[in-house]
Amino acid sequence: MQLTEIKDKKAINDFHNLTFKIYAGDPNWVSPIKQEVEAVFDRKTNSYYNHGDAIRWVLYNNNKEPIGRVAAFINERTAHTFDQPTGGMGFFECINDKNAAFILFDKCKEWLSERGMKAMDGPINFGEKDRYWGLLTEGGDKPAIYTMNHNPDYYRAFFEEYGFAKFYEQIVYYRSAIEPPSPRLKAVAERVMRDKLYRFERLDKSKSEKYAEDFRTIYNKAWKAERSDYEEMKKERALEIMKKLKPIIDEDTCWFVYHDNKPVGVYVSIPELNESFRYINGDLNWWGKLKFFWHFKTKPPRTTMGIVFGIIPEYQGKGLEAGIFSELGRIIQPKKTYDSVLISWIGDFNDKMIHLLIALLQVTPYKKFITYRKLF
């Protein structure tokens with residue numbers, strides 16, 4: 001076997017084409033978008049290179065056929081927030097060969113160790129946590145979710161036999177978009193809405209700059225309290241997110257909460273894009289874009305995917321979550337635009353949110369992912 005650092009177009013193509021070999025015959029797999037994955041490793045477009053570095057490899061067999069791939073990276077803003085300096089690895093794919101998998105893991109460990117790291121998390125992303133984060137351990141029998149990992153069951157044994165241990169678990173929850181809200185949710189929502197200082201407001205794409213700033217305000221207050229590896233969101237990043245979401249976002253499924261005109265809560269949901277991306281084989285070139293938008297417009301996704309859900313700490317436990325979902329249901333259920341709601345991803349460390357979702361929304365687990373940590 002030969003391990004090669006990716007430096008040319010052939011290696012890049014092998015990096016992507018390998019997945020079609022591994023997932024051949026898996027009806028639930030949808031190829032990640034090649035251009036979006038490549039953007040992670042583009043120093044000109046990925047701002048994480050301003051405070052970190054990344055590298056990736058392809059593993060070939062003796063016939064010079066690709067059989068594995070992996071990436072390693074260091075985010076200097078978070079690497080030293082733990083008890084030991086910690087890097088990351090991700091974008092792992094491999095045939096069912098433990099020796100090949102361990103060669104890939106060893107290379108990540110070696111590269112990270114040379115740069116002072118004492119541990120590595122994986123599989124994770126060299127970017128935001130809403131993409132390519134965690135190993136799928138439950139729910140592989142359900143369709144892959146846009147920008148979320150989908151992998152064979154045997155990957156779990158590779159990670160755990162190599163010495164990775166569970167750092168935390170991430171859960172995607174499901175709820176029918178057709179079933180009426182629970183009596184408890186309705187009662188809590190009605191109580192909150194009697195307080196005239198609260199206002200529940202749908203996103204208006206014509207005021208995207210205003211909502212981008214409101215989103216940033218809530219994010220920086222809510223996530224700072226929840227995560228030790230929190231990174232403050234800058235204005236430019238919030239505007240960039242809004243710009244990317246604007247073409248596909250459904251205003252009916254994105255809600256903000258204000259108290260005395262101050263933004264205090266947000267829920268952002270988008271159509272589950274893999275329902276349309278499954279037709280383009282992972283290539284969003286000009287033909288892929290035409291096919292995607294044709295399917296997206298003529299047969300819109302029937303699932304809406306919650307990608308951001310946050311309430312700033314001093315307003316948690318007041319029933320704002322019930323108000324958001326009550327308003328969401330009030331708008332989308334009469335229109336019958338969606339069959340199901342997915343909420344992603346909730347860490348197992350967020351006990352309050354998990355209890356709230358189960359008690360008020362009556363959600364059930366849909367997929368589970370594990371973020372592992374390997375101590376050197």
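## The second largest pocket

In this predicted model, the second largest pocket has a volume of about 230 Å³. Its lining is made up of 15 residues, and those closest to the centre of the pocket are Ile6, Phe41, Ala54, Ile55 and Arg56. Two elements, helix H1 (9-22) and strand E2 (52-60), each give two or more residues to this lining, and of the elements E2 gives the most, with 4 residues.

In terms of residue character, the lining of the second largest pocket divides into 7 nonpolar and 8 charged residues, with no polar residues among them.

## How helices H3 and H4 pack

Helix H3, which spans residues 98-114, packs with helix H4, residues 154-162, at an angle of about 55°, and the axes of the two helices lie 10 Å apart. Because angles from 35 to 65 degrees are neither roughly parallel nor roughly perpendicular, H3 is oblique to H4. The crossing in which H3 passes H4 is right-handed.

## Residues where H3 meets H4

On the H3 side, the residues that meet H4 are Lys98, Ala101, Phe102, Phe105, Asp106 and Lys109, while H4 contributes Phe158, Phe159, Glu161 and Tyr162. Taken over both helices, the residues of this contact divide into 6 nonpolar and 4 charged, and no polar residue is counted. Among the charged residues of the contact are Lys98, Asp106 and Lys109 in H3 and Glu161 in H4, whereas the nonpolar residues include Phe102 and Phe105 in H3 together with Phe158 and Phe159 in H4.

Key
Residues are numbered from 1 along each chain as its sequence is written. This is a predicted model: local features need pLDDT of at least 70, side-chain atom pairs count only at pLDDT 80 or more; totals for chains, interfaces and linings use all residues. Side-chain values use heavy atoms; hydrogens and water are left out. On a 1 Å grid over the protein atoms alone, a cavity is a set of points where a 1.4 Å probe fits but cannot get out, and a pocket is an open set with protein on both sides within 12 Å along at least five of seven lines; lining residues have an atom within 4 Å of a point. Grid points are joined across faces, edges and corners, and a volume is the space filled by probe spheres set on the points. Axes are lines fitted to C-alpha atoms, for helices over the stretch in contact, and angles run from 0 to 180 degrees between N-to-C directions. Angles under 35 degrees count as roughly parallel, over 145 as roughly antiparallel, 65 to 115 as roughly perpendicular and the rest as oblique. A crossing is left-handed if the near helix is turned anticlockwise from the far one by less than a right angle, and right-handed if clockwise. Contact means heavy atoms within 4.5 Å.
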